[in-house]
Amino acid sequence: MAAIGENLKINSERLWDSLMDMARVGPGVAGGNNRQTVTDADSEGRHLFHTWAEAAGCSMGLDQMGNMFAMRAGTDPDALPVYVGSHLDTQPTGGKYDGVLGVLGGLELLRTMSDLDIKTKHPIVVTNWTNEEGTRYAPAMLSSGVFAGLHSQEWAYERTDADGKSFGDELARIGWRGDETVGARKMHAFFELHIEQGPILEAEDKQIGVVTHGQGLSWTEITILGKDAHTGSTPMPMRKNAGLAMARILDRVEDIAMSHAPHAVGAAGHVNVYPNSRNVIPGKVVFTVDFRSPELAVIQDMESRLRVEAQEICDTMGMEVSFEKVGGFDPVTFDETCVQAVRSAAVRLGYSHMDLISGAGHDACWINRVAPTAMIMCPCVDGLSHNEAEEISPEWAAAGTDVLLHAVLETAIITA
Ligand code: HGY
Ligand code: MN
Ligand code: MN
């Protein structure tokens, strides 16, 4: 005997076609995407999402951080909406599915509801959060952070990119700075569908990750000042090589993270060397150390050891060093009722599943502070992400979106 709704599924081919169509916007150089936040490519992707959402019968809201809200009305206009969504911006060498699956999976949910004329008490809103990645403008999850009250809008507008362009100006330039007050919208619940971006689900042969927690994150930007000099004629004892100091610090980053194995992680993905000339000893380096752990005390330990040991290295080498916390959030525990809605949806649909801690940061980590929130994850091939070779299967995408559909319908209460 089929369980109630067990056969209620999304149109997986339509979902996959939409993912492939969006992937053609802001293409990368190796099959992935470079659709960085508040670029023209970002704007093109937004227009495509807007067109699709209107065709699906949605009204579109836009707030002052460019967050997009495609709403399907509910039968009770006073009921707070159930929100779903993620982000359409990508890394410079990003994949086709990171964030995009959550936005277009949400759109597919609304398309399926229209196909089947399903009505819910609570409205349903599909969200595209601006600048989740935090690459062009640190920190990550910038706009969901403003929405949840972690950052002021003014501070967010003042973020500048490597070319000195401000976030606020670029958002206005691409024409996606809306009028709505950021954070004024109240949510009944928020669900984010996302690829795992790690190897666990594939290794465990599970179709669905029921995300119970998200690990915390810390970004420390370090600036070291040495002395530019000739790489050939400067005797080794006379050098103040900022690049060498950075190398010694990054070696310590590895050891600090490994001292908290197996869950803590640490690396530096952002490095700028000045003047970056082959025959000049670098007199200045600026780099960001990314530490993460499910435990706040571990993050705090790694942050403090980094500062102490980096200071010692630079003092020994006779160089100045400064530190700036440019991003971070504490480990997250998602809402048990929403998590249970995800888990029971996977059971009802017969999808293999397991509880999971999210290794990556997501907009859900901030929204969890202002609304009951949970995440659904699907596997990705070899756990690879933030790489143009990122890949998932149509079956994984469909299973994750089916679970999103069921969890949302249970929460939004079907009325017809
Ligand atoms: O950094 C993160 O974890 C996210 O992918 N922006
Ligand atoms: Mn993402
Ligand atoms: Mn990402």
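Three exercises with solutions follow, on a predicted model.

**Exercise 1. Which residues coordinate the manganese ion (ligand 2), and where do Asp 98 and His 194 lie in the chain?**

Step 1. The donors to the manganese ion (ligand 2) are NE2 of His 87, OD of Asp 98 and NE2 of His 194, at 2.1 to 2.3 Å.
Step 2. Along the chain, these donors follow the spacing H-x10-D-x95-H.
Step 3. Asp 98 sits in the loop between strand S3 (82-86) and helix H3 (100-115), while His 194 belongs to strand S5 (residues 189-195), so the pair ties together parts that are 96 residues apart in sequence.
Step 4. Asp 98 also bridges the manganese ion (ligand 2) and the manganese ion (ligand 3), which lie 3.4 Å apart.
Step 5. Both Asp 98 and His 194 are buried.

**Exercise 2. Find how many disulfides there are, and state why Cys 365 lacks a bond to Cys 338.**

Step 1. A disulfide needs two cysteine sulfur atoms within 2.5 Å.
Step 2. The closest cysteine sulfur to that of Cys 365 is in Cys 338, 14 Å away, which is too far for a bond.
Step 3. Cys 365 is buried, with a relative accessible area of 2%; Cys 58 is buried too, at 8%.
Step 4. The count is 0 disulfides.

**Exercise 3. What radius of gyration would a compact globule of 416 residues have, and what does the chain have?**

Step 1. For 416 residues, the compact globule value is near 22 Å.
Step 2. The chain has 23 Å, which agrees.
Step 3. Its C-alpha atoms fill a box of roughly 80 × 45 × 35 Å along the principal axes.
Step 4. Buried residues make up 55% of the 416, and the chain has 12 helices and 15 strands.

Technical notes:
Residues numbered from 1 in each chain as written. Chains lettered and ligands numbered in written order. Predicted model: local features only at pLDDT ≥ 70, side-chain atom pairs only at ≥ 80, totals over all residues. Heavy atoms only, no water. Buried < 20%, exposed > 50% of the residue type's maximum accessible area, 1.4 Å probe, protein only. Donors = N, O, S within 2.8 Å, 3.2 Å for Na, K, Ca; no water. Helix = DSSP H or I, 4+ residues; strand = E, 2+ residues; numbered from the N terminus. Rg over C-alpha atoms; globule rule 2.2 N^0.38 Å.
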